[in-house]
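Me: Hi! I have a model open and would like to talk it through with you. Could you help me find my way around?

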Number of protein chains: 2
Amino acid sequence: MTIDLFLVETNFKYMDINQKIGERIRELRKEKNISQEALANIAEVDRTYMTGVETGKRNVTVKVLERIVYALDIDFTIFFDDNKFSRK
Amino acid sequence: MTIDLFLVETNFKYMDINQKIGERIRELRKEKNISQEALANIAEVDRTYMTGVETGKRNVTVKVLERIVYALDIDFTIFFDDNKFSRK
DNA sequence: AATACAACGGCTTATGAGTCACATAGAAGT
DNA sequence: ACTTCTATGTGACTCATAAGCCGTTGTATT
């Protein structure tokens with residue numbers, strides 16, 4: 001059952017869209033070496049809300065996602081330019 | 001004041017994100033030569049809801065946007081691969 | 001053990017999702 | 001010219017859920 005968990009976390013092909021988005025945010029945030037709280041402050045969302053987004057528990061609206069994407073200093077094109085989001 | 005309207009509709013740089021998304025959906029739908037109603041049916045949303053999305057009046061969640069994007073037979077990467085969504 | 005970071009559960013309120021009746025406009029047919 | 005059909009848009013409404021915010025807990029790190 002640790003194997004199942006492993007698959008869920010790495011094989012993004014079968015991941016929920018909200019999980020994919022959360023993982024993408026986390027990736028980009030770690031690249032910038034900032035904490036959830038720091039990112040949350042820039043995006044003007046609550047720290048615990050950001051946790052929910054990164055863990056795929058929140059189904060964000062486009063407007064909130066825009067704030068987060070901008071807080072990551074990128075745009076939607078770059079944010080979604082990732083294998084996770086392509087059916088290929 | 002017709003001039004203002006003209007700018008709002010064409011100069012996407014200053015458009016609301018929901019307007020941009022609506023315009024992008026409309027573009028892609030017209031390319032496929034299908035009606036709002038046909039697209040709405042595939043995406044399993046109401047026809048009038050689709051109108052609201054295309055006219056930028058709805059702030060959609062990621063899950064609903066996913067249904068629409070898939071109904072257009074593309075993925076998120078392609079959907080957001082457009083000048084409208086890049087800060088350049 | 002103190003500090004920083006991340007996650008969870010639960011709660012309120014603001015708004016998205018979904019649906020309706022009705023309106024408008026343009027084509028197509030008669 | 002006047003219906004009829006097709007496509008789209010609007011306002012208003014209900015119900016579901018996203019947004020936002022607590023307090024608390026867990027877990028490394030120093």
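Me: Which helices each supply at least two residues of the surface near DNA strand D?
Reply: From chain A they are α4 and α5 (62-71), and from chain B they are α2 (17-32) and α4. Please keep in mind that this is a predicted model.

Me: Okay, and which residues come closest to DNA strand D?
Reply: Tyr49(A), Thr61(A), Arg26(B), Gln36(B) and Arg47(B) are the closest, out of 19 residues that surround the strand.

Me: How do the residues of that surface near DNA strand D divide into nonpolar, polar and charged?
Reply: Three are nonpolar, eight are polar and eight are charged.

Me: What share of the DNA strand D atoms within 4 Å of the protein belongs to sugar or phosphate?
Reply: Sugar or phosphate accounts for 53% of them, and the rest belong to bases.

Me: Let's get to single atoms. What does the side chain of Thr48(A) have 2.9 Å away on DNA strand D?
Reply: A base nitrogen; the 2.9 Å runs from a polar side-chain atom of Thr48(A). Phosphate oxygens of the strand have partners too: a polar side-chain atom of Asn59(A) is 3.2 Å from one, and for Arg29(B) the corresponding distance to a phosphate oxygen is 2.9 Å.

Me: You listed Gln36(B) before. Where is Gln36(B) found?
Reply: Gln36(B) belongs to helix α3 of chain B, residues 36-43.

Me: Buried or exposed, that Gln36(B)?
Reply: Buried, because its relative accessible area is 16%, and the cut-off for buried is under 20%. That figure considers protein chains only.

Me: Which side chains make polar contacts with the side chain of Gln36(B)?
Reply: Thr51(B) does, at 2.6 Å, and Glu54(B) does as well, at 3.0 Å. If you set aside neighbours within four places in sequence, the residues in contact with Gln36(B) are Arg26(B), Arg29(B), Arg47(B), Met50(B), Thr51(B) and Glu54(B).

Me: Nice. Now over to DNA strand C: which residues come nearest there?
Reply: Arg26(A), Gln36(A), Lys57(A), Tyr49(B) and Thr61(B), from the 18 residues around DNA strand C. The surface near this strand has three nonpolar, eight polar and seven charged residues.

Me: Which helix gives the most to the surface near DNA strand C?
Reply: That is α4(A), with three residues. The helices supplying at least two residues each are α2 (17-32) and α4 (47-54) of chain A, plus α4 (47-54) and α5 (62-71) of chain B.

Me: How about sugar or phosphate versus bases on DNA strand C?
Reply: Of its atoms within 4 Å of the protein, 54% are sugar or phosphate and the rest are from bases.

Me: And what do Arg26(A), Thr61(B) and Arg58(B) each have close by on DNA strand C?
Reply: An N or O atom in the side chain of Arg26(A) is 2.7 Å from a phosphate oxygen. For Thr61(B), a side-chain N or O atom is likewise 2.7 Å from a phosphate oxygen. With Arg58(B) the partner is a base nitrogen, 3.0 Å from a side-chain N or O atom.

Me: Changing topic: I spotted Arg24(A). Why does Arg24(A) count as buried?
Reply: Because its relative accessibility is 7%, and under 20% counts as buried. Arg24(A) is part of helix α2 of chain A.

Me: What does Arg24(A) touch?
Reply: Leaving out residues up to four places away in sequence, Arg24(A) touches Ile78(A), Phe79(A), Asp81(A), Asp82(A), Lys84(A) and Phe85(A). Its side chain reaches the backbone oxygen of Ile78(A) at 3.1 Å. Arg24(A) and Asp82(A) are 58 residues apart along the chain, yet their C-alpha atoms are separated by 8.4 Å.

Me: Phe79(A) rings a bell. How many aromatic pairs are there over all chains?
Reply: There are 13. One of them joins Phe79(A) and Phe80(A) edge-to-face, at 5.0 Å centre to centre and 80° between the planes. Phe79(A) is buried at 0% relative accessibility, and Phe80(A) is buried at 1%.

Me: Which residues do ring pairs link into a cluster?
Reply: Phe76, Phe79, Phe80 and Phe85, from both chain A and chain B.

Me: Last one: how many residues does the largest nonpolar core have?
Reply: It has 47, and Leu65(A), Phe79(A), Leu65(B) and Phe79(B) have the most contacts inside it. Beyond its neighbours within four places in sequence, Leu65(B) is in contact with Val62(A) from the other chain and with Ile21(B), Ile25(B), Val60(B), Phe76(B), Phe79(B) and Phe80(B).

Conventions
Residues are numbered from 1 along each chain as its sequence is written. Chains are lettered from A and ligands numbered from 1 in the order in which they are written. This is a predicted model: local features need pLDDT of at least 70, side-chain atom pairs count only at pLDDT 80 or more; totals for chains, interfaces and linings use all residues. Side-chain values use heavy atoms; hydrogens and water are left out. A nonpolar core is a set of buried Ala, Val, Leu, Ile, Met, Phe, Trp, Tyr and Cys residues joined through side-chain atoms within 4.5 Å. Buried means under 20% relative accessible area, exposed over 50%, partly exposed in between (1.4 Å probe, protein chains only). Contact means heavy atoms within 4.5 Å. A residue is near a molecule or strand if one of its heavy atoms lies within 4 Å of it. A polar contact is a pair of N or O atoms within 3.5 Å; within protein, one must be able to donate a hydrogen and the other to accept it, and residues adjacent in sequence count only if both atoms are side-chain atoms. Helices (H or I, at least four residues) and strands (E, at least two) are DSSP runs, numbered from the N terminus. Ala, Val, Leu, Ile, Met, Phe, Trp, Tyr, Cys and Pro count as nonpolar, Asp, Glu, Lys and Arg as charged, and the others, Gly among them, as polar. Rings of Phe, Tyr and Trp (its six-membered ring) pair if their centres lie within 6.5 Å; planes under 30 degrees apart count as stacked, over 60 as edge-to-face and the rest as tilted.
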